[in-house]
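Good morning, and thank you for making time for this item. I should like to walk through one model, starting inside a sheet and working outwards to the domains and the chain contacts.

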Amino acid sequence: MHYHFDFSFLAESVPPLLEGLKVTIELAIAANLMGLTLGFVLCLLVMSRWAVVRVPAQLFIEFFRCTPALLQIVWFFYCIPMMVNVFLDPVWMGVLALGLNLTAFNAEAYRAGVQAVPKEHLDACVALGLKPWQRTVFVILPQALRNSVPVLMTNGIGTLQQSALVAIVAVADLMYVAKTIATQAYRPIETYSVVALVYFALSLPIARLVHVIERRQDLAHQR
Amino acid sequence: MLQSTMKIVPSSVPADDPVDTTHAGDFVQLQSVYKSYGENLVVMDHMNLDMRADDRLVVIGPSGSGKSSLLRVMMGLEGIQSGSIKFQGRPYIHGADSGRSKRIDGKLQRQIGMVFQHYTLFPHLSVLSNLILAPVKVGGLSKADATERARTYLARLGLESKLNAYPSQLSGGQKQRVAIARALMLEPKLMLFDEVTSALDPEMVVEVQNVMLKLAEQKMAMIIVTHDMHFARDIATRVVFCASGKVVEQGAPHEMFKCPKEARTREFLEKVLHLD
């Protein structure tokens, strides 16, 4: 291979890349806020004893789990404006698609966290005379949230990566800027390598943190 | 035979205070309690049982005999299909056909404490928070009063240094002792112990049994399910042998273990005592 690497052109591309990075981070944070809150609500709906609430919530989850995220983004971007005649800023459309996708996955994470609370703890709550809402608030949820933290964080990083998909609907995120620069400079290898490093650098600390938390939880469970 | 060296409660009953096993107690009265899962699995088959306020019942029997069900029903964790239970002379639980819609007197339920086989300390709360959760939220105690009470109980169980520890920092035996303290915090009139030492390493069994023997000294009414026959002999005022959801035989520990009247009791005791 006689390719001459040349990163010098990237120097002048720093400002647009930073702009793109800002959009990517905004997308990831907004989608995560949405996924963390709505995911929790959705989890409560899915665990409801009433089928009227439970079944639609489960359908929502399955829809997002069983279709490609790219398709969801495209669908939101093209179909929603046509169907309901609402035209949102593309960034908001991206947040909506990514956020609802994350909501579905996070709801499952919360639910797994609740189910990991030992059944005996419910018995102990009854024996201590705690009312049903007190059991939920003081015993079940605090444990469930702790249990689900590693998965929520992993899902969160996943959404950061998935946010690159919104480039396809012309949201000017990091990936979109990279695509533009790469085509303009005819330097795809350098551009995409650098941008990949940026995504990597953003995600790695969180991924390592997940690892640390999981190890601490394992140690606590062993005894 | 670990227990014989640390006996606190005399295992033979003094002559001047004979435990009258024929006399019906009115502290707890089970009348024809019937409980089944589905149609085939009957766990309590019209069970009758009486208990006095100074009784310590040890319930023994093969697995599936209804011993654990007895405790879980008493605690209100599970319903019964028919029959009724009185507690302190007052109606406590009535059977309902569904087996679910048990009617329970909540005030009486709060006077019963229970300790389980598996550790049930809440791992996200410190020992102190585990102890004061129910007294503050349910018993209406102030946080300061509850903390004071927690200190007292922990000191009695030799765990005052663990006040701010988390359950993951405790040994299995310490966890069960804290669980006992947590149940005592609500000052129950009756304590239920469901195989509380079964999940423990052997060297930790004694520390938990010692705590229970101390409670016995203080005349706490208890119903204990255990497979440890030596401990049963040490702590019981009355041993109850259950099989197939019925009380087959009951009597003072020395009678029951030396000369059981029923063939099924004898068979069971031979099996478990030989295994020891």
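Let me begin with a single pairing: Leu190(B) has Ala221(B) of strand S9(B) as its bridge partner. Strands here are DSSP runs of E of at least two residues, helices are runs of H or I of at least four, and both are numbered from the N terminus. Before going further, please note that this is a predicted model, in which local features need pLDDT of at least 70 and side-chain atom pairs count only at pLDDT 80 or more, while totals for chains, interfaces and linings use all residues. Residues are numbered from 1 along each chain as its sequence is written, and chains are lettered from A and ligands numbered from 1 in the order in which they are written.

The pairing just mentioned belongs to a longer register. Strand S8 (residues 190-194) of chain B runs parallel to strand S9 (residues 221-225) of chain B, and 5 bridges join them. Two strands are said to pair if DSSP finds at least two bridges between them. Within this register, Met191(B) stands opposite Met222(B). S9(B) also pairs with strand S3 (residues 56-60) of chain B, again in the parallel sense, over 4 bridges. There, Leu57(B) has Ile223(B) as its bridge partner.

How is S9(B) placed with respect to the rest of the structure? It is largely enclosed, because 5 of its 5 residues are buried. Buried means that 20 or more other C-beta atoms lie within 10 Å of a residue's own; exposed means 12 or fewer, and partly exposed lies in between, with C-beta atoms placed from the backbone. Both faces of S9(B) are covered, with Ala221(B), Ile223(B) and Val225(B) buried on one side and Met222(B) and Ile224(B) buried on the other.

The sheet as a whole is open and has 6 strands of chain B, in the order S7-S8-S9-S3-S10-S11, with mixed pairing. S7 and strand S11 (246-251) of chain B stand at the edges; each has a single partner strand, so one side of each is left without a neighbour in the sheet. From one strand to the next, the twist averages 20°, taking axes as lines fitted to C-alpha atoms, for helices over the stretch in contact, and angles from 0 to 180 degrees between N-to-C directions.

I turn now to the core. A nonpolar core is a set of buried Ala, Val, Leu, Ile, Met, Phe, Trp, Tyr and Cys residues joined through C-beta atoms within 7 Å. The largest has 81 residues, of which Val58(B), Val59(B), Met114(B), Leu192(B), Phe193(B) and Ile224(B) touch the most other members. This core draws at least three residues from each of domain 1 (25-121 + 170-275) and domain 2 (122-169) of chain B. Apart from it lies another core of 39 residues, including Cys43(A) and Leu98(A).

Val59(B) deserves a closer look. Leaving aside residues up to four places away in sequence, Val59(B) touches Lys67(B), Leu70(B), Ile223(B), Ile224(B), Val225(B), Val240(B) and Cys242(B). Two residues are in contact if their C-beta atoms, placed from the backbone, lie within 7 Å. Lys67(B) and Leu70(B) are among the buried residues of H1(B). That helix, residues 67-75, is mostly covered, with 8 of its 9 residues buried. Just after H1(B), Gly76(B) takes a positive phi of about 85°.

By contrast, Glu270(B), in helix H9 (residues 263-275) of chain B, is exposed, because 11 other C-beta atoms lie within 10 Å.

Next, the domains, whose bounds come from an automatic or database domain assignment. The C-alpha centres of domain 1 and domain 2 of chain B lie 25 Å apart. Between them, 12 residues of domain 1 are in contact with 18 residues of domain 2. Helix H5 (residues 172-184) of chain B gives the most to the domain 1 side, with 7 residues.

Finally, the chain interface. Here 20 residues of chain B are in contact with 18 residues of chain A. The largest share of the chain B side, 3 residues, comes from H3(B).

Taken overall, chain B has 9 helices and 11 strands, and buried residues make up 43% of its 276 residues.
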